[in-house]
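Dear colleague,

I am handing over the structure we spoke about, and I would be glad if you could look through it with the notes that follow beside you.

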Amino acid sequence: MSVLPAAIAPPIDDASHEWLLALRAEGATRDEAVARLHALLLRAARFEAARRRGRLPHLRDELEEIAHEAAGDALISVLAHLDDFRGESRFTTWVYKFALLETAVKLRKRAWQGREVPLEPDTWSLFASVGLAPEEQAEQSELLSILQTAIREVLTPHQRRVLVALTVNGVPIDVLAERLGKTRGALYKTLHDARYKLRAHLVERDLSVE
């Protein structure tokens with residue numbers, strides 16, 4: 001029986017290798033590398049904050065502060081995950097993603113700061129599709145009615161809150177996780193379970209949510 005060769009990791013380029021050596025060094029060499037890395041992450045965070053400025057006009061005066069916070073947290077994450085770098089991209093490209101993610105998360109949280117997180121549906125009309133023929137509208141209304149009932153009766157209160165907040169009211173998962181004291185992974189699991197239960201409920205009734 002032939003054995004497939006194990007996947008071979010791509011070689012790490014020289015520039016990336018130098019970054020890793022410097023960040024794993026001690027003393028002044030490491031301090032200088034950390035400072036350069038922070039500057040790199042700050043540029044990435046500022047770029048992401050500027051890219052989203054138009055959608056968050058009320059945060060324009062806070063973008064620089066948010067960028068610095070994101071760069072600092074991204075730096076901690078990068079240093080904690082150096083062993084995860086496999087050379088599939090340049091090191092600088094890899095660390096950029098940490099800064100972009102941290103900035104996006106902080107912007108979403110700051111945008112919702114002080115706002116009430118709606119955990120019940122404001123309106124079910126968000127589900128409705130426009131431009132349907134009369135018979136299709138009737139089918140859709142019936143399906144939405146069944147779906148609303150299923151959400152109330154089939155799901156647990158926690159599943160209902162998470163599903164409605166994330167899929168109906170558009171609450172960012174980072175914000176919801178913070179408000180409910182849960183992890184993102186736990187909320188994704190809850191959302192998956194809720195969708196599975198709803199789909200199974202509809203299948204039992206020969207209905208489809210497609």
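Helix α6, which covers residues 157-168, has 12 residues and reaches 15 Å from its first C-alpha to its last, close to the 16 Å expected at 1.5 Å a residue. Please keep in mind throughout that this is a predicted model. Within α6, the buried residues are Gln159, Arg160, Val162, Leu163, Val164, Ala165, Leu166 and Val168. Just after α6 comes Gly170, whose phi is positive, at about 70°.

The aromatic side chains are the next topic. A search of the whole structure finds five aromatic pairs. In one of them, the rings of Phe91 and Trp94 have their centres 5.8 Å apart and their planes at 40°, and because an angle that is neither under 30 degrees nor over 60 counts as tilted, this pair is tilted. Phe91 and Trp94 both belong to helix α4, residues 91-111, where they are three residues apart, or about one turn of the helix. Phe91 has a relative accessible area of 1%, and because buried means under 20%, Phe91 is buried. Trp94 has a relative accessibility of 14%, so Trp94 counts as buried too.

How are the rings of Trp94 and Phe98 arranged? Their centres lie 4.9 Å apart and their planes stand at 70°, so this pair is edge-to-face. Trp94 and Phe98 also both lie in helix α4, four residues apart, which again is about one turn of the helix. An α-helix has 3.6 residues a turn, so residues three or four places apart point the same way. Like Trp94, Phe98 is buried.

Which residues form one aromatic cluster? The cluster consists of Trp19, Phe85, Phe91, Trp94 and Phe98. Trp19 has a further contact that you may want to find on the screen, since the charged end of Arg36 sits over the ring of Trp19, 4.3 Å from its centre.

Let me turn to the charged side chains. The structure holds 10 salt bridges. One of them joins the side chains of Arg51 and Glu48, at 2.9 Å from N to O, and both residues lie in helix α2, residues 27-51, three residues apart, about one turn of the helix. A second salt bridge joins the side chains of Glu48 and Arg52, at 2.6 Å from N to O. Glu48, Arg51 and Arg52 are thus linked in a network of salt bridges.

Are the members of this network buried or exposed to some degree? Glu48 has a relative accessibility of 4%, so Glu48 counts as buried, and Arg52, with a relative accessible area of 18%, is buried as well. Arg51, however, has a relative accessible area of 47%, and because this value is neither under 20% nor over 50%, Arg51 is partly exposed.

Another salt bridge is found between the side chains of Lys189 and Asp193, at 2.7 Å from N to O. Lys189 and Asp193 are four residues apart in helix α8, residues 184-204, so they are separated by about one helical turn. Lys189 is partly exposed, with a relative accessible area of 48%, and Asp193 is also partly exposed, with a relative accessible area of 24%.

With kind regards

Note on methods:
Residues are numbered from 1 along each chain as its sequence is written. This is a predicted model: local features need pLDDT of at least 70, side-chain atom pairs count only at pLDDT 80 or more; totals for chains, interfaces and linings use all residues. Side-chain values use heavy atoms; hydrogens and water are left out. Helices (H or I, at least four residues) and strands (E, at least two) are DSSP runs, numbered from the N terminus. The expected span of a helix is 1.5 Å times one less than its number of residues. Buried means under 20% relative accessible area, exposed over 50%, partly exposed in between (1.4 Å probe, protein chains only). Rings of Phe, Tyr and Trp (its six-membered ring) pair if their centres lie within 6.5 Å; planes under 30 degrees apart count as stacked, over 60 as edge-to-face and the rest as tilted. A charge sits over a ring if NZ of Lys or CZ of Arg is within 6 Å of the ring centre and within 35 degrees of the ring normal. A salt bridge is a side-chain nitrogen of Lys or Arg within 4 Å of a carboxyl oxygen of Asp or Glu.
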